[in-house]
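Q: I'm just starting out with structures like this, and I'd love a close look at one small part. Could you walk me through it?

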Amino acid sequence: MMLPSADALAALVPDGALVALPPDNSLPSVAIAKALIRRGARDLRLLGVPVSGFATDILIGAGCVAEVETSAVSLGEAGFAPRFSAALRDGRIIVRDATCPAIHSMLQASEKGIPFMALRGIIGSDILANRPDWKVIPNPFAEEGMDPIVLLPAKQPDFAVFHAALADSEGNVWLGRRRECATIAHASKAALVTVERVVEGNFLDDERMASGVISATYITATAIAKRGARPAALLDEYGFDAAYVADYARAAKTEDGFRAWLDREVFATAQKVAAE
Amino acid sequence: MSDIALEERLAATLARLILDPAAPPARHIAVGAASPIPAAACWLVKLLGHPVKLSLLHKRSGNPFTEGTRELFDLTGQGRIDLFFLGGGQIDGQANLNLVGTGEWPGTGVRFPGSFGSAFMYFMTPRTILFREEHSPRVLVEKVDNISAPGVSPPGVFRRGTAQALVTGKCVFAFHPDRARFSLSSLHPGETVDSVRAATGFDFDAEGEIGATPDPTAAELALLRGQVRAEMVETYPEFCGRVWGRAA
């Protein structure tokens, strides 16, 4: 289903939904994050796959988020995520800390339709101590019945939200090797994807394209959003806009600074587009 | 030769630890997010002509993975990554790492970004080099407030390796998993055993005469300022600009 805008995609996400987002190095749809803010989304539960970045920080700052499950929240070279840190300090969000391969594994369990996956490591970490939903059992295949190992429950997000370079006439999307977006799409009940452009044809007929495709089977709706990952990079099409993120990090140190940034970068740009 | 920047000294020091013949071989090294000095050390090892495969997680062009970010953890789970670098907002005397934050869980004092893959990588790589430039009692603590990844594990818990060493802006420590303690290996210029003790929140061993951390060689410096910088500038523009200037 092709929709007219990122705002139309954001309208499909109800308050309280569990939304899986890739981080800044892996094709976030910042366009949908901004549209969720404009729609006034509330009580979203965000899943960082496997960590969280710019899109998560602006959604938290705008009051759209009740919970974050992630392995880290960071703005990269621009430092700590200011609105995430402030919301945690003020007790406005619940944070469920994980570790990167655990998030991948929980999504892979959903991909396979099985109740859990096992993962090495983690034992002795306070991450485990604070995750009552994660369990440790003796490896049932170990000779002596010893060898404790962590079990992680399947995690099925309501929505996968990310940005891709291209969509085709059949509703397939192409994003090259960033296959964590495929994992999110496969594991989620629905996937909402912004793209730079739509091209005629079917990517699955082209062997060179097919391995970088997420099949339309998994894609609920797409919309064109030019530079929809910005300030994050898009493959080899455009780079990370470090100056934009550094400017955001400075502005978002304070609530007032963040509000002014939102007015300028999220609300005013939409009015400008609507007026054109 | 112009003055040696601390970042250059640290990169060369890490490179020597990577090449330590007493440690398990480093055939395939992965470098995570926000780690420009470890990345520089790895490039230095490679450009010095040592046969090592580097997987730089945040390199956009030429990123080694085609199955998404989980591929690093799958490779590591199999034992195919030999060495990884970790740091921490707090590191304690038993090499426990806290990347979550101070105060009560999940960091009600100062919140750090989070644990990333540390709770897995620290167990599953045959060795880890700990790196934290800030050497102060608030970072190097007696006991971390929260454990992202434990320094040692009880018998019976599957674990391939532990910390090999901890490199800071003041010194190099070796880690001894048998007694879960650090010992002082070498001192950077201007430091003494006493100055390091004063800046360190945990107790550590310091036996005999502690030597100086060697300067980078002229060849190492030339590589760092030339080819290493060129390899790193796309991923770490801010770092390269600060250490080596904006334009070559």
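Which residues make up the covered face of strand 6 of chain A, and which make up the uncovered one?

A: Happy to. Keep in mind that this is a predicted model. Strand 6 of chain A covers residues 116-119. Its covered face is made of A:Met117 and A:Leu119, while A:Phe116 and A:Ala118 sit on the uncovered face. If you read along the strand, the residues alternate: A:Phe116 is on the uncovered face, A:Met117 on the covered one, A:Ala118 on the uncovered one again and A:Leu119 back on the covered one.

Now look at the partner. Strand 6 of chain A is joined by 4 bridges to strand 8 of chain A, residues 148-153, and the two strands run antiparallel. You can pick out one pairing by eye: A:Met117, from the covered face, stands opposite A:Leu152 in strand 8 of chain A.

Let's zoom out to the chain around this strand. Chain A has 10 helices and 13 strands, and strand 6 is one of those strands. Of its 276 residues, 50% count as buried. Chain A also has a radius of gyration of 19 Å, which agrees with the value near 19 Å for a compact globule of 276 residues. Along the principal axes, the C-alpha trace spans about 70 × 50 × 30 Å. As for contacts in chain A with a separation of 6 or more, 72% come from residues 24 or more positions apart.

Chain A isn't alone, either. 40 of its residues are in contact with 37 residues of chain B. Among the elements that each supply at least two residues to that side of chain A are helix 4 (82-89), strand 5 (94-97) and helix 7 (180-187). Helix 5 of chain A gives the most, with 3 residues. By type, the residues on this side divide into 16 nonpolar, 14 polar and 10 charged. For the complex, the predictor gives an ipTM of 0.95 and a pTM of 0.95.

Over in chain B, the average pLDDT is 93, and 96% of the residues score at least 70. Try finding helix 1 there, residues 6-18. From first C-alpha to last, this helix reaches 18 Å, close to the 18 Å expected for its 13 residues. Helix 1 of chain B is largely enclosed by the rest of the structure, because 10 of its 13 residues are buried, including B:Leu10, B:Leu14 and B:Ile18.

Methods. Residues numbered from 1 in each chain as written. Chains lettered and ligands numbered in written order. Predicted model: local features only at pLDDT ≥ 70, side-chain atom pairs only at ≥ 80, totals over all residues. pLDDT = per-residue confidence, 0-100. Contact = placed C-beta atoms within 7 Å. Nonpolar A, V, L, I, M, F, W, Y, C, P; charged D, E, K, R; others polar. Buried ≥ 20, exposed ≤ 12 C-beta atoms within 10 Å, placed from the backbone. Pairing = 2+ DSSP bridges. Rg over C-alpha atoms; globule rule 2.2 N^0.38 Å. Expected span 1.5 Å × (residues − 1).
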